[in-house]
Amino acid sequence: AMSVDEVVLLDAWGSMFGMRARIALEEKGVKYEHKEENLSNKSPLLLQMNPIYKQIPVLIHNGKPISESAIIVQYIDEVWNHNTPILPSHPYERAQARFWVDYIDKKVYPTWNKMWRSEGEDHEAAKKELISIFKQLEETLGDKIFYGGDTFGFVDVGLITFYCWFYTFETYGNFKMEAECPKLIAWAKRCMQRETVSKIIPDEKEVYNAVVEMKKELESK
Amino acid sequence: MAKDYGEVKFFGTVGSPFAKRVQIALDLKGVQYTYFEEDLRNKSELLLKYNPIHKKVPVLVHKGRPLAESLVILEYIDEIWGSNHPLLPQQPYDKALARFWSRFIDDKCLPAILKAAFTANKEEREKGSEESLEALEYLENELKDKFFGGESIGLVDIAASYLAFWLPAIEEAVGLKLLTSDKFPKLHKWGQEFTNHPVVKKTLPQREKVVGFFKARYASIIAASK
């Protein structure tokens, strides 16, 4: 008898990390239940499945939890390995892909966080740093169609989910991504032509509005 | 006839725990490599060429192609030299767990330990100790065999080498007690098994030097706060 896979994804609206997992699942054509968490009122399931970090995304596959989006995407690629590979097949390229997703994770969100929580000189410094990080990522892409070369891959999944946050970065940072990194924008638009991506990535203005609300809430505490 | 894996160069420093991770993996797998000892106050042109992004050790250069970030390098080493002393489990779920715990050590354990030891502010140090104990508790509960990798050393053990060797050195240098045998019997025993493993023992730096390094670091933190 064929066993049915039970796949659940704990996520939160607007999370670029949750989106990575969703895009990976969509790329593989995996049926999954999408559960949206309210991060100010975390469900018992989330706390049970990710007791250490209490964060989304968490992939629950046949009752077993996997946390950390980069780890989740690799897991999805390894389990559903019958189609559409996400990680490159060559070990060196695989290692490079892991390096760049690690770079994105170490740099982008923490620097954005620094930028929107600071003022004056600190804010300007964080803004400069954020722009230089994206310029580096643009340089890494070079003239390739995708980070994965001809095919949409691990680094593409890892970075495209930040696209819907660009407007937020631009507005709080007072700069234009298209002016600073035109090739990166061109790459993002290519990615958005994929149905698996466009159905998951929300509108950037909606993300901005949600962030504005969140900042108001934080400031009122 | 031995398989020709291609030339391997490895850039590290004697004192870097992250470089030692890579060295332990290379040595466990019997990989032939040329070692370059870096002076981090005066980084070589080669290091800056091979790791322009982070400008750090460790860097592995295999057949002329460079890689940086210790956990990335470890997985690569395991894929290329797969049959000798495998480090990662075979099953995707177990792999995911190994990756999770390795990251946990870097993201949660190490920062907490550094906060507990090398902060001038007493409150911060106490908070660091609490966070360290919490993190160690998770690892204590996770450890089910002789090693995190089962009967033999795996990825998580190598990532956790900091706890087996550098943490006790920090504890001695600054007068901290974190990884005690009464609170963490399994982890404490694991630490001894790990550091006594013949290959690991040969690769680890001299303990007195490391204790001395941490003593100096602690002293400068205290001096700067006055």
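In this predicted model, residues 91-213 of chain B form a span that is 74% helix and 0% strand. The C-alpha atoms at the two ends of this span lie 40 Å apart. In an unreviewed entry, UniProt lists these residues of chain B under "domain: GST C-terminal". For chain A, the UniProt record, again an unreviewed entry, gives "domain: GST C-terminal" for residues 90-218. That stretch of chain A is 75% helix and 0% strand, with its end C-alpha atoms 45 Å apart.

The record also contains a feature called "domain: GST N-terminal". In chain A, this annotation of an unreviewed entry covers residues 5-84. The chain there is 38% helix and 21% strand, and the end C-alpha atoms are 19 Å apart. In chain B, UniProt places "domain: GST N-terminal" (unreviewed entry) at residues 6-85. Helix makes up 36% of that span and strand 21%, while its end C-alpha atoms lie 19 Å apart.

The table sets out the composition of the annotated spans.

| Span | Helix | Strand | End C-alpha distance |
|---|---|---|---|
| Residues 5-84 of chain A | 38% helix | 21% strand | 19 Å |
| Residues 90-218 of chain A | 75% helix | 0% strand | 45 Å |
| Residues 6-85 of chain B | 36% helix | 21% strand | 19 Å |
| Residues 91-213 of chain B | 74% helix | 0% strand | 40 Å |

**Strand E1 of chain A**

Strand E1 of chain A consists of residues 7-11. Is this strand enclosed or open? Of its 5 residues, 5 are buried, so strand E1 of chain A is largely enclosed by the rest of the structure. Burial here means under 20% relative accessible area. The two faces of E1(A) are both covered: A:Val7, A:Leu9 and A:Asp11 are buried on one side, and A:Val8 and A:Leu10 are buried on the other.

Which strands pair with E1(A)? One partner is strand E3 of chain A (residues 58-61), which runs antiparallel to E1(A) and is joined to it by 4 bridges. Within that pairing, A:Leu10 has A:Val58 of E3(A) as its bridge partner. Another partner is strand E2 of chain A (residues 33-36), which pairs with E1(A) in the parallel sense over 4 bridges. Here A:Leu9 is matched with A:His34 of E2(A) as its bridge partner. Helix H1 of chain A (residues 16-28) joins E1(A) and E2(A) in a right-handed β-α-β unit.

**Domains and their contacts**

Chain A is divided into domain 1 (7-79) and domain 2 (91-220). The C-alpha centres of these two domains of chain A are 20 Å apart. Contact between them involves 14 residues of domain 1 of chain A and 24 residues of domain 2 of chain A. The size of an interface is often given as the accessible area lost when the parts come together. For domain 1 and domain 2 of chain A, the area buried between them is about 1,700 Å², and 69% of it is on carbon and sulfur atoms.

Chain B is likewise divided into domain 1 (8-80) and domain 2 (92-225). The C-alpha centres of domain 1 and domain 2 of chain B lie 21 Å apart. Their contact takes 15 residues from domain 1 of chain B and 20 residues from domain 2 of chain B. About 1,500 Å² is buried between domain 1 and domain 2 of chain B, with carbon and sulfur atoms giving 74% of this area. Which residues of domain 1 of chain B lose the most area to domain 2 of chain B? They are B:Arg21, B:Ile24 and B:Leu71, which together account for 39% of what that side buries.

Technical notes. Residues are numbered from 1 along each chain as its sequence is written. Chains are lettered from A and ligands numbered from 1 in the order in which they are written. This is a predicted model: local features need pLDDT of at least 70, side-chain atom pairs count only at pLDDT 80 or more; totals for chains, interfaces and linings use all residues. Side-chain values use heavy atoms; hydrogens and water are left out. UniProt positions are given in the numbering used here, feature names are shortened, and annotations may be inferred rather than shown by experiment. Buried means under 20% relative accessible area, exposed over 50%, partly exposed in between (1.4 Å probe, protein chains only). Two strands pair if DSSP finds at least two bridges between them. A crossover is right-handed if, with the strands pointing away from the viewer, the path from the first strand over the helix to the second runs clockwise. Domain bounds come from an automatic or database domain assignment. Contact means heavy atoms within 4.5 Å. Buried area is the accessible area (1.4 Å probe) that two parts lose on being put together, summed over both.
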